[in-house]
Amino acid sequence: WKTHGIRIVRAGELDPHTPQTPGMTRAAAISYASAGAQKLWAGTVVVEPNAKTGAHHHGELETVLYIVRGRARFRWGDNLEFVEEAGPGDFIFVPPFVPHQEINARPDEAVEAVVVRSGQDPIVVNLDIASPESGNAAPDGFHRKV
């Protein structure tokens with residue numbers, strides 16, 4: 001169990017060599033490479049003030065976000081017609097194939113969140129759905145196909 005038991009990934013060990021997008025910084029914490037995880041991926045994300053993604057979904061993956069700091073707005077639905085906001089201490093569950101968009105709702109504070117996905121592949125399917133939000137999305141949205 002000593003070498004195949006619990007693995008602690010320290011704050012300074014997070015891997016920033018993940019797909020990055022302007023306005024958003026990701027770092028992998030738990031992955032196959034860092035901990036031997038085979039069914040989960042976990043990491044952190046920081047979304048800069050006023051930044052937002054384009055409409056997308058994550059295929060068959062389930063996603064959980066935990067908001068540590070800031071105010072995040074989420075839109076979802078065939079036309080991104082549903083909207084809710086989440087703040088520190090809130091959990092968000094995104095089911096498979098749900099069209100959605102993440103938005104930093106604050107102009108003066110970054111959103112910091114923990115992200116957990118039900119698989120190792122960084123699946124992102126970008127969708128051609130106009131955002132009801134005013135302002136511009138980051139180039140190509142936050143997510144990039146990898």
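# Exercises on contacts and salt bridges

**Exercise 1.** State which residues W76 is in contact with, leaving aside its neighbours within four places in sequence.

*Solution.* Contact means heavy atoms within 4.5 Å. With the neighbours within four places in sequence left aside, W76 is in contact with E81, F82, V83, E84, V98, P99 and H100.

The model is a predicted one: local features need pLDDT of at least 70, side-chain atom pairs count only at pLDDT 80 or more, and totals for chains, interfaces and linings use all residues. Residues are numbered from 1 along each chain as its sequence is written, and side-chain values use heavy atoms, with hydrogens and water left out.

**Exercise 2.** Place W76 in the fold and decide whether W76 is buried, partly exposed or exposed.

*Solution.* Step one: W76 belongs to strand β5, which covers residues 72–76. Strands (E, at least two residues) and helices (H or I, at least four) are DSSP runs, numbered from the N terminus. Step two: buried means under 20% relative accessible area, exposed over 50%, and partly exposed in between, with a 1.4 Å probe and protein chains only. Because its relative accessible area is 31%, W76 is partly exposed. Step three: a distance of 9.6 Å separates the C-alpha atoms of W76 and H57, which are 19 residues apart along the chain.

**Exercise 3.** Describe the protein as a whole: how many helices and strands are there, and in what pattern?

*Solution.* The protein has one helix and 10 strands. Along the sequence, the pattern reads β-α-β-β-β-β-β-β-β-β-β. Of the 146 residues, 39% are buried. Contacts between residues at least 6 apart in sequence can also be sorted by separation: 70% of them join residues at least 24 apart.

**Exercise 4.** Find where P88 lies and give its surroundings.

*Solution.* P88 sits in the loop between β6 (82–86) and β7. P88 is exposed, because its relative accessible area is 53%. Apart from neighbours within four places in sequence, P88 is in contact with I67, V68, R69 and G70. The C-alpha atoms of P88 and V111 are separated by 9.1 Å, and the two residues are 23 apart along the chain.

**Exercise 5.** Work out which salt bridges R69 forms with E109 and E112, and where the partners lie.

*Solution.* Step one: a salt bridge is a side-chain nitrogen of Lys or Arg within 4 Å of a carboxyl oxygen of Asp or Glu. By this rule the protein has nine salt bridges. Step two: R69 and E109 meet through their side chains at 3.5 Å, N to O. This pair links distant parts of the chain, with R69 in strand β4 and E109 in the loop between β8 and β9, 40 residues apart. Step three: R69 and E112 form a salt bridge at 2.8 Å, N to O. E112 is in strand β9 and R69 in strand β4, so this pair ties together parts 43 residues apart in sequence. Step four: relative accessibility is 33% for R69, 21% for E109 and 27% for E112. R69 is therefore partly exposed, as are E109 and E112.

**Exercise 6.** Are E133 and R75 buried or exposed, and what joins them?

*Solution.* E133 and R75 form a salt bridge whose closest N and O atoms are 2.7 Å apart. The pair links distant parts of the chain: E133 is in the segment after β10 (125–126) and R75 in strand β5, 58 residues apart. Both residues are buried. Elsewhere, salt bridges that share partners join R69, R106, D108, E109 and E112 into one network.
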